[in-house]
Each structure stands twice: as structure tokens, then as C-alpha cells.
Amino acid sequence: MTELSKSGAVAEPVKDSPAPSAFLEVRDLKVHFPTDDGLVKSVDGLSFQLEKGKTLGIVGESGSGKSVTSLGIMGLHTAGQYGKRKAQISGEIWLNGTELLSADPDYVRKLRGREMAMIFQDPLSALHPYYTIGQQIVEAYRIHHNVDKKTAKRRAVEMLDRVGIPQPDKRVDSYPHEFSGGMRQRAMIAMSLVNNPELLIADEPTTALDVTVQAQILDLMRDLQKEFGSAVIIITHDLGVVAELADDILVMYGGRCIERGPAEKVFYEPRHPYTWGLLGSMPRLDREQTERLIPVKGSPPSLINLPSGCAFNPRCPYADVPKDNVTRTVRPELTEVGGRHWAACHMTQEQRERIWIEEIAPKL
Amino acid sequence: MLAYLIRRLFAAAVMLVVIVMVVFGIFFLVPKWAGVDIASSFVGKQADPAAVEAVRQKLGLSDPIYSQVWEFFKGIFAGRTYSGGGDVTHCAAPCFGYSFRSEQAVWPVLTDRFPVTLGLALGAAVLWLVFGVAAGVLSALKRGTIWDRGAMVVALSGVSLPIYFTGMLSLAIFTFGLHWINAQYVPLDQSVSGWFGGMIMPWITLAFLYAAMYARITRATMLEILGEDYIRTARAKGLKEQVVIGKHAMRSTMTPILTMLGMDLGALIGGAILTESTFNLPGLGRAVLDAIKNQDLPIILGVTLITSLAVLIANLVVDVLYAVIDPRVRLS
């Protein structure tokens, strides 16, 4: 057993320990979807921990399993699964001392919205077009609170005011299409926070918004987290977003975690070639305009047939650095590369440090 | 909302005038161009020339077309008096024409037949909505299972089998074979149970066809809606699955169903010709079928007008309901 961090959000997964001390602990989570073409392994063995009041940023490209992970925690793969094809989920998700995957679905349903809430990427499609903002917030509140509509509506107005919507007592009766994109996302945040959830999952909360509004929404989320003291998981492909908000960062590739650790470590001493690629492809204001972004070559791997060995090997410029073709035959495990900092790569510490310092860092 | 309503009403009124003019054109102008004598077709082929001439005068067929249209419109609101050939025929308002062939005004025929068709259409609509939508929802929720397949096979056969087949089959089994149901039309004001007994088979036959279509559209729409982000949001709030489906998903699924219902009801009220003739119901469909056989043009004209009116009203109601259901419609 390795160290269990009390203060930070990420620590080595502790297997066979039934009583985790972390607020949220995910152990070896697997989410597989059977399809006609084969089994899609969207998430394949993911573990992490998160404490209250901390923010975890999950980063990765499309199809790396970020959203599937968040929906898995919310129990939304099993709720509303109709027909024969059901998602196959295994592993453990401990929230506040309760394991959710083996819990009664109705119990998990009651946790949804109250203990754990979610903000979605596109607030226009995530809000029901036929109900007013107020009706939707009132509904969210009244599922978990036995109050009359009037009280709930007062609460809705209060929440809209809190997230910075002007004239909340009037706007509460507006429909989603009458709001601007940023206002809609504020309303969505108001709705998810109406029950003071202890865990808030934000799935690409700013992706659908324009840049000026993005910063406002991120500020709002930071303020609200301080106020409510909840644990936050922020899912994004935008490293800029996690840089602003996250205490810890988890980088996903092909349904697995390839690097995680405190935000400053992942940003300033990344130890995985894929993380280097992400950093290299991030536009930055402090860089010369004439410089080109460095894309990660190739496309995301097929989740049905992951490349053997390290899933990143076909796109990795350093795949031949380790000896004996090991990158193509053996899947690298997460190993500690520093205090609370893990990476899954076959290169030795020294090789990675040298490449980072000599080849990657100067170009960033 | 009120402005929307007024705009729709105005559009409907304009549409109605246009329809009357087009219908008039079809029935009075086209035969004229084709060189067919309208007056003799109104009287009947073997009529004597004096009678034909009388009808020609009564209808003002020698007058310019606009004055004929005007007389027709005036008749609807003020009634009409046909005179010519020495005798005078009165047609009280609303006068939708006069059948010189069967020697009766058209309007009483319409009002006589209309309740039968309305009862048939509404009763069937209730059945097909309940069963069609329920089957569609169930089949969407049990997608890919034996229930889904079974329901869709039944639906496919419902769409494919014509009414005169299913109607005849049910008559052969339940009326003439088992003697369970006496398929005789009894007016509602004579006997409620008799009316019900006479209508039950036509209802089921008609509803089977439509329920099949509604089941298919409900299934497709429901499947699409279930994939929407706001359904996921509803679940993320912690709503019970019954509420997610029954409230959030159903509300959106209703929109296309309502559109279809408006058009189908409108068209059916104009006469369910096949059902009415299979079960011998004295509705508008029967009336127009008989009129076509007898070349009784005024009746055909009257039924056509009523049909268009029914479609218009049904669509107007749908449009208003649309605005009630979907707040985004109110804006435009």
C-alpha cells in the first residue's frame, strides 16, 4: 500500500481496501459498450481519488473516455438504458463511503442532483426547450426537497441571482431559447447547484461558449466552489481551462490514465509524451504569433482494437527509445515519477527528463 | 400568443375563400372548357330540354363566372332563390348549393351525414392515439427485443392491410360468423348502446390502420428524443425514470404526433369513404360516393367544401396547440 493523500486530490489507488478515506474514490473503473463492430472499451481501468473542496481536471482528446467516466460516476450509463445493448460497467466508485456501482439504482438516483450534480457541454441542448428555466430549476429542487412550488421558485430566483443573471425574478420565467449562451450555462450551473451537491462534475462547461464568456463562467465556477466547498471534476480538452481551475490533473488516452498529478507538476514537469503533445498543441498568448502549434500526429486510437503495448505508441515520436520493442508489446503501468505524480511510459525517468528539458520545454 | 392566434385565424379565412374559388373553378369552369353541358349533368342525362334550360337559368350558368361565384358565396350567408323555367326553388342559408337531381338542398344532407362521420373519426382517433402511442413508446423503450419486433410486425401489417380487407374480415367473423356484433348503424339519439355497438367495429378497423402509423412515428420520435441531451439532464437531476419518460420525453414526442393527428382528423372528417362503405355507415363518405355514382355535382361540391373546412379547422387547432406545447413557436 502506498501513501494515501489527505490533502490532495490524487493518490495511488488502494485496492482491497473497503473503506476509502477519500470523499470520492474511483477504483479500476471499466465502462465497455457492446456494438456490432465489437466491444468498445471507452474506459478501461481508471482509478483516482478526490477530496472535498478540491478540483480534478480530466484532460484528453475526443473519445479518450472523459465523458464516459463522468456519466459512469453519475450512474447515467445504467439509468435509461433500454433494449438489449447495455453498457458493461465494473470497478468501484466510492462516494462518501458508499459504493455506487453495487448500490440500489434507486438509491443512486436519489443521490443524483442532491449529492452529485453535473453541468453539460451545450446548455442549449441540455435544457428542455419546452419548459422555462424556472420550471426546470424548481423541478430539480423539488425532487430532493419536500417544499411547495412557491418556496422552490424563490430558491430558483435566489440561485439565478447567485450565478449572476440580471433581473432573476423576471428571467426565471424565460425559456432557454430566450437566453444567450453564457446565460444558459449560468442557468445550468444554478440548476446543478440548487441542492448544494458535494460533488460537481462539469463536462466541458465552456466548450460551447464564446471565449469572452468562457472566462466569466470559469470565474463563476471557482467562486462557487469556494462558497459551496464541493469537490469538482472538470472535464475538458482545453488545458487552459484546467490550468485555471484544477488542483490536480488526470490525462486520459484511449480510455486509460496515462499521467496524473498536481496541476503544477503536470504543467511544468510532464512525464508522458502525450502530455507533451497536448502542451505543444495549446495556443498561448505568450508565444510568438509566427510560431506554429505542434499537433499530436495521427488520430485517436480505435477503442475496439487498442494498439498493443502502449496505446500511444503509433503516434509517439519516442516509441523506439525504450529497448526491445517493449512499447509495442507491453502495456506500461502507472509508476510514480515524483511526489503524487504518476505516468505510464516505458522510457526511464532519466530519458524522459532529458527529452523534456532538451527537446520539448524549449519549444513551449 | 393572441397576435399569433389572430394571424392564424386570418390566414385560415383567406385560405377558405381561395378554396371555395378553386372548388368552384373545378366544378363549373373545367366542364365548360371541356365542352360538357353542366346544366344537363345537374339534371341528369335523360332529362328533357326544358328542364335543362330551367336549371341553366336557375344557376345563372350563362352569367359570367365571377357573378356565379358571388351568387354561391352570397348563398352561403344569405340563402338563395333559384328561379327559372316557371318555378322557384328556395334554398335557405347556409346554402351550399341545391341538388336538382335529388331535389334537395345540399346543406341538410351535410348536416345529416356529418355527425356520423365525426363520431367515427373521433372514436377511432381516441383508440389509435391510446394504442398507437402506447405501442410506440413501449417498443422504443424495449428496442431490439421481442416486444419491439412483435409490435412493429403488427404495425406493419396494420399499415399494409387495406380497410376493406380488415373491415370485411371483422364483419365476416364477428357479425356473420359468431353473431357477436350487430353491425347496424343506430343514431346516437335513438340508442346509445346501439350506436356504440354499430360503431365499435368501424372504430377498431379504422383505428388499426392509423394506430399502426402512429406507433411507428411514436417509436421513431421517442428513440430520437431519448438520445437528447435534455433527457440526460433530466436523469442527472435525479428524476424517476417514469417522470423522465412520461413528462420530459413525452412532451417532445407529442409534437409530431399532434401534427399528424391534425391532418388525419381533418381528412377523415371529410369522409372515411372506405370505412363508411364497408360498414354501410350513412356518413359524408357514403354521401359523396353515392353522389359520384349519380353524378350529383352539388353534393360533391358541398362535401369537398366541408372537407377543406375540416382540414383547415383541424390544422388551425393543431397550430394553436403547437404554440401551447412548444414555446419557441410563439416567437415567430
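This tour moves through chain A, then the contact between the chains, and then chain B.

The model is predicted: local features need pLDDT of at least 70, side-chain atom pairs count only at pLDDT 80 or more, and totals for chains, interfaces and linings use all residues. Residues are numbered from 1 along each chain as its sequence is written, and chains are lettered from A and ligands numbered from 1 in the order in which they are written.

**Stop 1: the domains of chain A**

Select residues 124–196 of chain A for domain 1, then 270–284 + 292–363 for domain 2. These bounds come from an automatic or database domain assignment. Between the C-alpha centres of the two domains of chain A lie 44 Å.

**Stop 2: the four-stranded sheet of chain A**

Next, display the open sheet of four strands, whose order is E2-E1-E4-E5 (chain A) and whose pairing is antiparallel. Strands (E, at least two residues) and helices (H or I, at least four) are DSSP runs numbered from the N terminus, and two strands pair if DSSP finds at least two bridges between them. At the edges, pairing on one side only, are strand E2 (38–50) and strand E5 (98–99) of chain A.

Select strand E1 (residues 24–35) of chain A, which is joined to E4(A) by seven bridges and runs antiparallel to E4(A). Leu24(A) stands opposite Leu95(A) in E4(A). Leu95(A) also stands opposite Thr98(A) in E5(A). Strand E4 (residues 88–95) of chain A and E5(A) run antiparallel, joined by two bridges. Two residues lie between these strands in their hairpin, where Asn96(A) has a positive phi near 55 degrees.

**Stop 3: the eight-stranded sheet of chain A**

Now bring up the open sheet of eight strands, in the order E6-E7-E8-E3-E9-E10-E12-E11 (chain A), with mixed pairing. Strand E6 (116–119) and strand E11 (335–338) of chain A are the edge strands, each pairing on one side only. Direction ignored, neighbouring strands of this sheet are turned against each other by 25 degrees on average.

Within this sheet, select strand E9 (residues 248–253) and strand E10 (residues 256–262) of chain A, which are antiparallel and joined by six bridges. Met252(A) stands opposite Cys257(A) in E10(A). Then add helix H7 (residues 181–193) of chain A, which packs on the sheet and touches E6 and strand E7 (199–203) of chain A. The direction of H7(A) makes about 175 degrees with that of E6(A); axes are lines fitted to C-alpha atoms, for helices over the stretch in contact, and angles run from 0 to 180 degrees between N-to-C directions.

**Stop 4: where the chains meet**

Show both chains together: 25 residues from chain B and 28 residues from chain A make the contact, where two residues are in contact if their C-beta atoms, placed from the backbone, lie within 7 Å. On the side of chain B that touches chain A, helix H9 (229–236), H10 and helix H14 (327–331) of chain B give two or more residues. H9(B) gives the most to that side, with six residues. By class, this side of chain B has seven nonpolar, six polar and 12 charged residues. Here Ala, Val, Leu, Ile, Met, Phe, Trp, Tyr, Cys and Pro count as nonpolar, Asp, Glu, Lys and Arg as charged, and the others, Gly among them, as polar.

**Stop 5: the domains of chain B**

In chain B, select 2–95 for domain 1 and 119–285 for domain 2. Their centres, taken over C-alpha atoms, are separated by 38 Å.

**Stop 6: helix H10 of chain B and its partners**

Select helix H10 (residues 241–269) and helix H13 (residues 297–325) of chain B, whose axes come within 7 Å and cross at roughly 170 degrees. H10(B) is therefore roughly antiparallel to H13(B); angles over 145 degrees count as roughly antiparallel. The residues of this contact are 13 nonpolar, five polar and one charged. Leu265(B) and Ile269(B) are among those of H10(B) that meet H13(B).

Finally, add helix H5 (residues 106–141) of chain B, whose axis comes within 9 Å of that of H10(B) and crosses at roughly 155 degrees. H5(B) and H10(B) are therefore roughly antiparallel to each other. Leu265(B) and Ile269(B) take part here also, and the H5(B) residues include Leu118(B) and Val133(B). This contact divides into nine nonpolar, one polar and no charged residues.

Note on methods:
Parallel < 35°, antiparallel > 145°, perpendicular 65-115°, else oblique.
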